[in-house]
Amino acid sequence: MAAGRVRLPTPRSGTVTIVSAPSRDAIISAFAARHGEPPAAIFRAPGRVNLIGEHTDYSHLPVLPIAIERGLTVAAAPAPGGVVEAASSAFAGEPVIDRANPAATPAIPWSRYLTGALRELANVAPGRGARLLIDGDLPAGGGLSSSSALTVGVIAALAAAWDVPLPPGEIVRRAVVSERHAGVESGGMDQEVIVFAEDGAALRIDFDPPGHRAVPLPAGLAFVAASSGEDAPKAGAARDAYNERVVGARIATAMLADEIGLEVEHPLVLRQVAGVDVIDVLVDGLPERISAAEAAHGIDLDVEQLVRLTAGRFDHQLKVPVRRVARHILGEAERVGRAEAALLAGDLPAFGRLLNESHNSLREDFRCSTAALDRLCAAMRKSGASGARLTGAGFGGYALAAAPPASVAAIIEAAVAATGGPAFEVHASAGLERL
Ligand code: NG1
């Protein structure tokens, strides 16, 4: 398995193969059989599908995801000593992490997420240990947010097991930073929707000022999630490609602000220049690629503002994409507003067109699609989807189709024929729950 993603069993053929969600009783018995006592806390953290607003969150521009019925269940009990032991019926390896010095085990890729979570829980019941058991029905491989479901579920369950339950906003805040320790300088979309989603609604999330609101979904709109058959693990190439674009967006912000004569504050996010008049024209004047070192030198800026990452620093000298990244992000942010309005008006064709435009922009400008994702989206559109796009970070992983319910079976069949699947219907579901 490629590093960085929680590997859960994934049906690779057939049509709608929904693995049933692990019940509370099942995880209690599994925990008791393993540890001789029941867990003190059990949380269910859902996966998510982003409807639109891709690669906008780290520019503090809006997103519109849903939580889905598939997710991870995390059971925890306190234990003596300062060690956290984790096991899962669904993925390999049993990490044992010392809270005083949390270090990941390279041979157990998902231990990176536990380590990140424990670093962010350092001030919660320090010195106490725990046992964790994790189960679930959420396919990994990129796009459905298995890593964020894991970090959110672990943080919520450990804090509760240690009798220091955290408020929802605090779980989100700590989970966002936990995941950045694992290497990707991501925004906060996944953790926010995993915690705050509501049944039957999408969640419009804003980052500046921070806030979210439920957007009820109209009747007659169904969603299919379909795998491209390519994993997009957040390690190695996909992590580097993601971080390159984060740095590209920061460079674009700094150069645009310099051009306009606008004072920008740390962190450098495109949100700060998004509303400026004729921004599109200014974006067209940005360099195609430039290194952080060159850009910082040209505008007399401390290069650290461009390259600092939670997990370290980014190569100052590497040329990163700037113009196309900015064009995608600013255009995508506008599509989020239009998609929300289309949902509220029940205008499925307009919503579908926006999904298609989003995919085209991700393919042409942001360049995070793949041939398999393009083929998959085309197949789903041809078989009745009103719109289809890659969902999540891209570079492989999953795509989403929006469609009238009567077309769902044909879309699933076409998706499986295009890539081998899996493909399944997903429903907008509630966020984090204590079971
Ligand atoms: P995925 O790769 O689907 O988990 C990532 C980021 C999001 C967001 C999207 C792109 C993580 C945990 N999440 O999602 O914050 O930036 O890419 O829109 O890396």
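**Ligand site**

I looked up the ligand first: 18 residues surround it, and Arg-48, Glu-54, His-55, Asp-57 and Tyr-242 are the closest. I count a residue as near when one of its heavy atoms lies within 4 Å of the molecule. This is a predicted model, so I note the filters: local features need pLDDT of at least 70, side-chain atom pairs count only at pLDDT 80 or more, and totals for chains, interfaces and linings use all residues. Residues are numbered from 1 along each chain as its sequence is written, and side-chain values use heavy atoms, with hydrogens and water left out.

Next I sorted the shell around the ligand: five residues are nonpolar, six polar and seven charged. Here Asp, Glu, Lys and Arg count as charged, Ala, Val, Leu, Ile, Met, Phe, Trp, Tyr, Cys and Pro as nonpolar, and the others, Gly among them, as polar.

**Polar contacts**

I took N or O pairs within 3.5 Å as polar contacts. A ligand oxygen is 2.6 Å from a side-chain N or O atom of Asp-57. I found 2.7 Å between a ligand oxygen and a side-chain N or O atom of Arg-48. At His-55 the partner is a polar backbone atom, 2.7 Å from an oxygen of the ligand. The protein covers 99% of the 440 Å² of accessible area that the ligand has on its own (Shrake-Rupley, 1.4 Å probe).

**Overall fold**

I read off 13 helices and 16 strands, taken as DSSP runs (H or I, at least four residues; E, at least two). The C-alpha trace spans about 65 × 55 × 35 Å along its principal axes. Its radius of gyration is 21 Å, which agrees with the value near 22 Å for a compact globule of 435 residues. That rule is 2.2 Å times the number of residues to the power 0.38, over C-alpha atoms.

**Backbone exceptions**

Most residues other than glycine have a negative phi, and most peptide bonds are trans. I logged the exceptions. Asp-208 and Pro-209 are joined by a cis peptide bond, omega about -5°. Pro-209 is in the loop between β6 (201-207) and β7 (210-216). Gly-421 and Pro-422 also share a cis bond, omega about 0°. I placed Pro-422 in the loop between α13 (408-419) and β15 (423-426). His-60 is not a glycine, yet has a positive phi of about 60°. I found His-60 in the loop between β1 (41-52) and β2 (64-79).

Conventions
A polar contact is a pair of N or O atoms within 3.5 Å; within protein, one must be able to donate a hydrogen and the other to accept it, and residues adjacent in sequence count only if both atoms are side-chain atoms.
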